[in-house]
Amino acid sequence: EYAAPELQADREIVLLAVSTCGCALMHASPDIRSDREVVLAACKGDGRALEYAAPELQADREIVLLAVSTCGCALMHASPDIRSDREVVLAACKGDGRALEYAAPEL
């Protein structure tokens with residue numbers, strides 16, 4: 001939050017930050033939020049980091065599965081297509097039954 005923009009865009013620094021606190025992704029530059037490896041590291045530590053990932057990564061099944069396995073309610077930040085994926089929704093609900101609220105209606 002208080003880091004200079006060039007530091008928020010430094011991949012190595014952000015990767016280290018999200019490895020210890022996934023939600024540090026919120027302070028990363030937009031380019032870094034689109035970096036699959038950085039987002040995977042963030043979601044591994046805290047699924048809520050999915051909220052700050054670029055939209056194309058919120059539609060990445062592997063990333064969303066990882067995120068919901070650590071925080072079921074991260075499902076709310078997944079793309080609509082992913083919210084209709086039965087396996088993803090099951091994984092989310094396994095961790096937190098309240099995640100069902102964010103599943104696609106057809107499920």
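Student: In this predicted model, how far apart are the closest N and O atoms in the salt bridge of arginine 61 with glutamate 87?

Tutor: Happy to start there! Arginine 61 sits in helix 6 and glutamate 87 in helix 7 (residues 86–95), so the pair links distant parts of the chain, 26 residues apart. The two side chains form a salt bridge. Their closest N and O atoms are separated by 2.5 Å.

Student: Is arginine 61 buried, partly exposed or exposed?

Tutor: Its relative accessible area is 33%. Buried needs a value under 20% and exposed one over 50%, so a residue in between takes the middle class. Arginine 61 is therefore partly exposed.

Student: Which residue forms a salt bridge with aspartate 60?

Tutor: Aspartate 60 lies in the loop between helix 5 (55–58) and helix 6 (61–70), and its partner is in helix 4, 24 residues apart. Aspartate 60 is buried, with a relative accessible area of 16%, whereas the partner is partly exposed at 33%. The closest N and O atoms are 2.8 Å apart, and the partner is arginine 36.

Student: Aspartate 46 and arginine 48 also meet in a salt bridge; what is the relative accessibility of aspartate 46?

Tutor: The N to O distance in this pair is 2.7 Å. Arginine 48 is partly exposed, with a relative accessible area of 48%. Aspartate 46, by contrast, counts as buried, because its value falls under the 20% cut-off. That value is 14%.

Student: Which residues do salt bridges with shared partners join into one network?

Tutor: The count of salt bridges comes to 8. Those that share partners make one network. Its members are Arg11, Asp35 and Glu37.

Student: Let's turn to helix 2. Within what arc do its buried residues fall, seen down the axis?

Tutor: In helix 2 (residues 11–20), the buried residues are Val14, Leu15 and Val18. They line one face of the helix because their directions, seen down its axis, share a limited arc. An α-helix has 3.6 residues a turn, so residues three or four places apart point the same way. For helix 2, the arc is 100 degrees.

Student: What do those buried residues pack against?

Tutor: On the other side of helix 2, Glu12, Leu16 and Thr20 are exposed. The buried residues of helix 2 make their contacts with helix 1 (5–8), helix 3 (30–33) and helix 4 (36–45).

Student: At the start of helix 2, which residue's side-chain oxygen reaches the backbone nitrogen of glutamate 12?

Tutor: This contact pairs a side-chain oxygen with a backbone nitrogen. The oxygen comes to within 3.0 Å of that nitrogen, and it belongs to aspartate 10.

Conventions:
Residues numbered from 1 in each chain as written. Predicted model: local features only at pLDDT ≥ 70, side-chain atom pairs only at ≥ 80, totals over all residues. Heavy atoms only, no water. Buried < 20%, exposed > 50% of the residue type's maximum accessible area, 1.4 Å probe, protein only. Helix = DSSP H or I, 4+ residues; strand = E, 2+ residues; numbered from the N terminus. Arc of directions from axis to C-beta. Contact = heavy atoms within 4.5 Å. Polar contact = N/O pair within 3.5 Å; in protein donor to acceptor, adjacent residues only side chain to side chain. Salt bridge = Lys/Arg side-chain N within 4 Å of Asp/Glu carboxyl O.
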